[in-house]
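Work through the exercises below with the structure open. Each task is followed by a stepwise solution.

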Amino acid sequence: QVQLAETGGGSVQAGGSLRLSCVVSGDTRRVYMGWFRHIPGMSASDREGVAVIDSTGATYYADSVKGRFTISQDVNKNTLYLQMNSLKPEDSATYYCAADPNLRLGVGHSVAGPAVAAWGQGTLVTVSS
């Protein structure tokens, strides 16, 4: 069982940066790790796939964040990161750390919460114009 805990959300002006962190515990050898977000107006249980990383370090991004967001991991610290630069008001959302064997399939798509094996509690990001 994988357990996830995010930190690092907050409020920032458009064009600014934030870094989200996710402390990971449990066996992650057979899952992808990633970041999803719930944007206001989405169905309550749905989340959009933002970025995913696999055990080799290969990364996958939604088109909407390519070139602005970077996912990375520090295996020694058991921590997953999402560096968000050039933030836009439309990036405002609750961001969730996630783990699932099929997580890569969710990048750039809306997925139902119950379809993913593990979620963190979420951290709110607000970008003002």
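A pocket here is an open set of grid points with protein on both sides within 12 Å along at least five of seven lines. Its volume is the space filled by probe spheres set on the points. The model is predicted.

**Exercise 1. The largest pocket**

Task: State how much space lies in the largest pocket, then describe its lining.

Solution:
- Step 1. Take the volume. The largest pocket holds about 240 Å³ of space.
- Step 2. Take the lining. It consists of 16 residues. Nearest the centre of the pocket lie V24, T28, M33, Q73 and V75.
- Step 3. Sort the lining by class. There are 6 nonpolar, 7 polar and 3 charged residues.
- Step 4. Trace the lining back to strands. At least two of its residues come from each of β3, β7 and β8 (79–84).

**Exercise 2. The sheet**

Task: Give the strand order of the open sheet of 4 strands and find its edge strands.

Solution:
- Step 1. Read the order. The strands run β1-β3-β8-β7, and the pairing is antiparallel.
- Step 2. Find the edges. β1 (3–7) and β7 (69–74) each pair on one side only, and they are the edge strands.
- Step 3. Add the geometry. On average, neighbouring strands are turned by 20° against each other, direction ignored.
- Step 4. Look at one pairing. β1 meets β3 (residues 18–25) in the antiparallel sense over 5 bridges. A5 stands opposite V23 in β3.

**Exercise 3. Positive phi**

Task: Locate N78 and S86, and decide how exposed each one is.

Solution:
- Step 1. Check phi for N78. The angle is near 50°, a positive value in a residue other than glycine.
- Step 2. Place N78. It sits in the loop between β7 and β8.
- Step 3. Check phi for S86. This angle is also positive, near 50°, and the residue is not glycine.
- Step 4. Place S86. It belongs to the loop between β8 and β9 (93–100).
- Step 5. Apply the cut-offs. Buried means under 20% relative accessible area and exposed means over 50%, with partly exposed in between. N78 has 45%, so it is partly exposed. S86 has 42%, so it too is partly exposed.

**Exercise 4. A residue in β2**

Task: Is S11 buried or exposed, and which strand holds it?

Solution:
- Step 1. Place S11. It lies in strand β2 (residues 10–13).
- Step 2. Classify S11. Its relative accessible area is 65%, so it is exposed.
- Step 3. Compare sequence and space. S11 and E90 are 79 residues apart along the chain, and their C-alpha atoms are separated by 13 Å.

**Exercise 5. Aromatic pairs**

Task: Count the aromatic pairs and explain why two of them count as edge-to-face.

Solution:
- Step 1. Count. The structure holds 3 aromatic pairs.
- Step 2. Test Y32 and Y60. Their ring centres are 6.5 Å apart and their planes stand at 80°, so the pair is edge-to-face.
- Step 3. Place this pair. Y32 is in strand β4 (residues 32–38) and Y60 is in strand β6 (residues 59–61), so the pair ties together parts 28 residues apart in sequence.
- Step 4. Test Y96 and W119. The pair has 5.9 Å centre to centre and 75° between the planes, and it is edge-to-face. Planes over 60 degrees apart count as edge-to-face.
- Step 5. Place this second pair. Y96 lies in strand β9 and W119 in strand β11 (residues 118–119), so parts 23 residues apart in sequence are tied together.
- Step 6. Check burial. Both Y96 and W119 are buried.
- Step 7. Extend the picture. F36, Y96 and W119 are linked into a cluster by ring pairs.

Definitions and conventions
Residues numbered from 1 in each chain as written. Predicted model: local features only at pLDDT ≥ 70, side-chain atom pairs only at ≥ 80, totals over all residues. Heavy atoms only, no water. Pairing = 2+ DSSP bridges. Axes fitted to C-alpha atoms, helices over the stretch in contact; angles between N-to-C directions. Buried < 20%, exposed > 50% of the residue type's maximum accessible area, 1.4 Å probe, protein only. 1 Å grid on protein atoms, 1.4 Å probe; cavity = no way out; pocket = protein on both sides within 12 Å on 5 of 7 lines; lining within 4 Å. Nonpolar A, V, L, I, M, F, W, Y, C, P; charged D, E, K, R; others polar. Phe/Tyr/Trp six-rings, centres within 6.5 Å; stacked < 30°, edge-to-face > 60°.
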